[in-house]
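Welcome! Here is a friendly briefing to read with the structure open beside you. Take it topic by topic, and look up each residue as you go.

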Amino acid sequence: VARYEGVSPSVIRRLPRYYRFLEDLQKKDVHRISSRELSQLMNLTASQIRQDLNCFGGFGQQGYGYNVDALLGEIGNILGLHKGYKVILIGAGNLGLAIAKHMSFETKGFNLIGIFDKQKELIGMPVRHLVISDVNRLENFCKTFSPQVAILCIPREEAPELADRLVNYGIKGFWNFSHYDLAMDYQDIAVENVHLGDSLMTLCYEISEILE
Ligand code: NAI
């Protein structure tokens, strides 16, 4: 059962952005902000912000605005950023390694506990606090450590079969970079398909409006 039933996915999708802005404010030692200031900063209307945050009971106070620390804590709780879900990464090529090395999993609700590849030359290579393991050991690893989430950085054609195996091993969520659209295949499995190219194509449209 969803914890915040009835809250639209588009509101949930906006929460990380609120979180990011509030985190910046907190780093600058700002502890209180009016809804007007926050809305200007984020290029939203004050009523949009109120509507979004009211879905969770609303955290603002009339005449006071928002308490940055409290709101940051609340949004962090809603997103579950303290959960430290166990995540594994499959495919330690260019993209997989960049993600494994540079993503701050701990601040985003996750704990990277394993990296896997099928290429013999990569196995045993250290990456951060881990070493790359043979993908043949995936089943045993999952039985022993019960990761909940998998990051797929493998080619598209490898994705469907591997994802099926991972679901059988108990994986409940995918951060999927493989360009294979996993969302269609499963119920009760969380899937975030990431296509950096979508953002690039959007930029292409926007820049063509400026240049032409
Ligand atoms: P890469 O060829 O450098 O790395 C792929 C790695 O996956 C290799 O190390 C390979 O040995 C491993 N691999 C392949 N099949 C496997 C399997 N069944 N089990 C375990 N490991 C396996 O490729 P790169 O550049 O890292 O890209 C990976 C994929 O991500 C590509 O398919 C690419 O199209 C896609 N991609 C997606 C982006 C996105 O925005 N979603 C952005 C960039 C790349």
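The protein chain has eight helices and nine strands. Keep in mind that this is a predicted model. Along the principal axes, its C-alpha atoms fill a box of roughly 60 × 50 × 35 Å. Of the 212 residues in the chain, 38% are buried.

**Helix H7 and its two faces**

- Helix H7 covers residues 159-168, and its buried residues are Ala 159, Leu 162, Ala 163 and Leu 166. These buried residues sit on the same side of H7, because they cover an arc of only 100° around the axis.
- What does the face turned away from the buried side of H7 carry? You will find the exposed residues Glu 161 and Asn 168 there.

**A patch of negative charge**

- Glu 161 also belongs to a patch of negative charge on the surface, where it gathers with Asp 164, Asp 181 and Asp 185.
- Asp 181 is found in the loop between strand E8 (173-176) and strand E9 (190-193). Its relative accessibility is 35%, so Asp 181 counts as partly exposed. The cut-offs help here: buried means under 20%, exposed means over 50%, and partly exposed lies in between.

**Salt bridges**

- How many salt bridges does the structure hold? There are five, and the next points introduce some of them.
- Glu 158 forms a salt bridge with Lys 118, and their closest N and O atoms are 3.5 Å apart. Glu 158 lies in the loop between strand E7 (149-152) and H7, while Lys 118 lies in the loop between strand E4 (110-117) and strand E5 (126-127), so this pair ties together parts that are 40 residues apart in sequence.
- Glu 158 counts as partly exposed because its relative accessibility is 34%, whereas Lys 118 counts as exposed at 57%.
- Asp 134 forms a salt bridge with Lys 120, again with the closest N and O atoms 3.5 Å apart. Here the pair links distant parts of the chain: Asp 134 belongs to strand E6 (residues 130-134) and Lys 120 to the loop between E4 and E5, 14 residues apart.
- Is Asp 134 buried or exposed? With a relative accessible area of 15%, Asp 134 is buried. Its partner Lys 120 counts as exposed, at 55% relative accessibility.
- Lys 143 forms a salt bridge with Glu 139, with 3.5 Å between the closest N and O atoms. Both residues are in helix H6 (residues 138-145), and because they are four residues apart, about one helical turn separates them.
- Lys 143 is exposed, having a relative accessible area of 61%, while Glu 139 counts as partly exposed at 36% relative accessibility.

**A nonpolar patch on the surface**

- Ile 207, Ile 210 and Leu 211 make a nonpolar surface patch of about 340 Å².
- One of these residues, Ile 207, lies in helix H8 (residues 196-211). Ile 207 counts as partly exposed because its relative accessibility is 40%.

**Positive phi angles in the loop between E8 and E9**

- Most residues other than glycine have a negative phi, so it is worth pausing at the exceptions.
- His 179 has a phi near 70°, a positive value in a residue other than glycine. His 179 lies in the loop between E8 and E9, and with a relative accessible area of 45% it is partly exposed.
- Which value is the phi of Asp 188 near? It is near 60°, which is also a positive value in a residue other than glycine. Asp 188 has its place in the loop between E8 and E9, and Asp 188 is exposed, with a relative accessible area of 75%.

**Arg 50 and Ser 35**

- Arg 50 has its place in helix H3 (residues 46-54). Its relative accessible area is 41%, so Arg 50 is partly exposed.
- Arg 50 and Ser 35 are 15 residues apart along the chain, and 7.7 Å separates their C-alpha atoms.

Technical notes
Residues are numbered from 1 along each chain as its sequence is written. This is a predicted model: local features need pLDDT of at least 70, side-chain atom pairs count only at pLDDT 80 or more; totals for chains, interfaces and linings use all residues. Side-chain values use heavy atoms; hydrogens and water are left out. Patches are made of residues with over 30% relative accessible area and no salt bridge: like charges are joined within 9 Å, nonpolar side chains (Val, Leu, Ile, Met, Phe, Trp, Tyr) within 5 Å. Accessible areas come from the Shrake-Rupley method with a 1.4 Å probe; for residues, only the protein chains shown count as cover. A salt bridge is a side-chain nitrogen of Lys or Arg within 4 Å of a carboxyl oxygen of Asp or Glu. Lys and Arg count as positive and Asp and Glu as negative; His and the chain ends are not counted. The place of a charge is taken as NZ of Lys, CZ of Arg, CG of Asp or CD of Glu. Buried means under 20% relative accessible area, exposed over 50%, partly exposed in between (1.4 Å probe, protein chains only). The arc is that of the directions from the helix axis to the C-beta atoms.
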